[in-house]
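User: Please choose a single part of this model and look at it closely. I would like one connected account that starts from the local detail and then sets it against the rest of the chain.

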Amino acid sequence: MSAIQDLILTTIDAHGAIEDTAALRLNGQPVDQLQVIGVLNSLTAREVVSFTILDAEYWLLSEEGNKVVEHGSPEVMVFNAIPEGEDGISIPELQKLVGESYKFGQGAAFKNKWIKKSAAGFARATDSVVDSTRNELIAIRDGKVLADKIMTDYKKKKLIDKKKTSSYNVVKGPKFTTTLAKEETDISQEMILSGEWKTAQFKKYNFAPGVTGVVPRGGYLHPLMKVREEFRQIFLELGFTEMPTNKFVDSSFWNFDALFQPQQHPARDAHDTFFLKDPATDRKYPRDYLERVKKVHSEGGYGSIGYVMDWKEEEAEKLLLRTHTTAISSNMLYQLAQEKEFRPVKYFSIDRVFRNETTDATHLAEFHQLEGVVADRGLTLGDLIGTLHSFFQKLGIPKIKFKPAFNPYTEPSMEIFSWHDGLGKWVEIGNSGMFRPEMLRPMGLPEDVSVIAWGLGVERPTMIKYGYDDIRELLGHKVNIDMVQKNPICRLDKKMGREL
Ligand code: PHE
């Protein structure tokens, strides 16, 4: 509790009220009334006290007024400078003695009949004078308020000035106490568990106009994160579960081999993939499953002739930065296949992937992918098209189209295009398909289970939405932190469909 608040509360407690806070003393010093009003406002809001404002006026000598107190009024200065006797003093000499007050003082002294003209210049016209101006100013300085006429006269002559002060008359409020509990600004878990919340005093919201609160300096969402949030919400609404993607490093086994991607495939080339040097390999995959994968690659099975080529574990154990999040999907599907009874699943993920690319305005070496996987009995290509339609519909993109494509792990495969009104053309936004039996059966999934899956870029729709034409301004060292902070916190609006 502040010292002033303490002083106010204990004074009221002792005397019943505070007649005038101007009389309060802290360590012998008068207290700052600005601090007093601060405390009173907060105590009043809590009904501990109530107060009225005491407006006080007081008079202060001006610089000129202080001079008069020090040297006397100009007319007295003139009178004092003139020697006794009928001869008097010459005007130039008198001017020299009195200085700048001469002109005014001489006029006033003459009007008062204190001085008269003489042969030399001026002579005294009386034996002695009383400096009533000086005496009155001393009285005003010491706090006296004289007759209105005198005060206005001195004010006009700029000898005194009027000042205003505010102090306060304070009385007890309905909730008066000297032991004021700190007001809580938040309800905490501990308060709920202990039941303390029932009696705790909460600070009231301040809705006064102009009160803005503290502007947060951190916690800004990058445009990519806003888009990710939007995608995530849509998939959650569609009943999907998010896959754990928190590993950037995986083995070639999960990234390629489990996906029935041939070991000689160009994607496995160091030109396209970042391989790890240290550690360079890892064998954390199930041996029996590895054997089945090896078999389907080299000999075939499930109606396939395979690649009719040697399959080497040295290739599969190589560690890499995952080139797609399908590395996670393959692992998740394998785990699903190990469950006693098959159960249908709908999975999605949104995370980072890596490709050994030369970066330019439209390519990055690391970017984000949105992955979707649905496993169920009897799924068809129609389900894939329908699911993608409802996703893009929810995103506000009604116009999409598919084009046959090739993927080593899907058959059939389809590229996904969306209509971009601004560009006036179809833009490729992803790839999809039905996972091949050569991928699913070695995992142990039942024969009648089909899996539809797709992968979409996250950067491209974000670029379109936020108006970037260089992908490097969105991700990497060229990102302008200011841009991140200035982007308002907002979700993708549904109009995006017409823009995309
Ligand atoms: N993994 C593919 C890519 O990186 C996308 C994809 C996912 C295609 C699932 C089909 C099925 O482009």
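Analyst: Helices are taken as DSSP runs of H or I with at least four residues and strands as runs of E with at least two, both numbered from the N terminus. With that convention Tyr-302 can be placed in the loop between H12 and helix H13 (313-316). The model is a predicted one, and what follows is a reading of its computed geometry. The phi angle of Tyr-302 is near 50°, a positive value in a residue other than glycine. Since a residue is buried at 20 or more C-beta neighbours and exposed at 12 or fewer, Tyr-302, with 14 such neighbours inside 10 Å, counts as partly exposed. A useful comparison is Asn-27, which also has a positive phi, of about 50°, although it is not a glycine. Asn-27 sits in the loop between strand S2 (25-26) and strand S3 (29-30), and it is exposed because it has 6 other C-beta atoms within 10 Å.

The part I would examine most closely, however, is the loop between strand S14 (400-407) and strand S15 (410-420), where Tyr-409 is found. Tyr-409 counts as buried because it has 21 C-beta neighbours inside 10 Å. Once its neighbours within four places in sequence are set aside, its contacts are Leu-259, Phe-260, Gln-261, Phe-435, Arg-436 and Met-439. One of these partners, Met-439, is 30 residues away along the chain, yet its C-alpha atom is separated from that of Tyr-409 by 6.6 Å. Strand S15 itself holds Pro-412, and the peptide bond between Glu-411 and Pro-412 is cis, with omega about -5°. Another cis peptide bond joins Asp-278 and Pro-279, with omega about 0°, but Pro-279 is placed in the loop between helix H11 (252-255) and helix H12 (287-298).

Phe-435, which is one of the contacts of Tyr-409, is also among the contacts of Leu-440. With neighbours within four places in sequence left aside, Leu-440 touches Leu-333, Phe-435, Leu-445, Val-449 and Val-451. Leu-440 also belongs to the largest nonpolar core, a set of 59 residues in which Leu-333, Leu-440 and Val-451 have the most contacts. Apart from that core lies another, of 14 residues, which include Ile-8, Ile-12, Ile-18 and Tyr-168. As background, nonpolar side chains in soluble globular proteins tend to be buried together.

The ligand brings several further positions into view. Around it stand His-324, Thr-326, Asn-407, Thr-410, Asn-431, Ser-432, Gly-433, Ala-453, Trp-454 and Gly-455. Strand S16 (425-435) and strand S17 (449-457) each contribute at least two residues to this shell. Sorted by class, the shell has 8 polar residues and 2 nonpolar ones, with no charged residue.

Elsewhere in the chain, strand pairing gives the wider setting. Strand S12 (residues 345-354) is joined in parallel to strand S9 (residues 241-242) by 2 bridges, and in S12 the bridge partner of Glu-242 is Phe-348. S12 also pairs with strand S13 (residues 366-377), here in the antiparallel sense and over 10 bridges, with Val-345 opposite Ala-375 in S13.

Two open sheets can be described in the same way. In one, 3 strands follow the order S1-S8-S4 with antiparallel pairing. Strand S1 (17-18) and strand S4 (49-61) are at its edges, each with a single partner strand, so one side of each has no neighbour in the sheet. S1 pairs with strand S8 (residues 160-172) over 2 bridges, and Ile-18 stands opposite Val-170 in S8; Ile-18 is also among the residues of the 14-residue core. The other sheet has 3 strands in the order S5-S7-S6, again antiparallel. Its edges are strand S5 (89-90) and strand S6 (115-117), each with a single partner strand, so one side of each is left without a neighbour. S6 is joined to strand S7 (residues 121-124) by 3 bridges, with Lys-116 opposite Ala-123.

For the protein as a whole, there are 19 helices and 17 strands, and buried residues account for 30% of its 500 residues. Among contacts between residues at least 6 apart in sequence, 72% join residues at least 24 apart.

Definitions and conventions. Residues numbered from 1 in each chain as written. Predicted model: local features only at pLDDT ≥ 70, side-chain atom pairs only at ≥ 80, totals over all residues. Pairing = 2+ DSSP bridges. Near = placed C-beta within 6 Å. Nonpolar A, V, L, I, M, F, W, Y, C, P; charged D, E, K, R; others polar. Core = buried A, V, L, I, M, F, W, Y, C linked by C-beta atoms within 7 Å. Contact = placed C-beta atoms within 7 Å.
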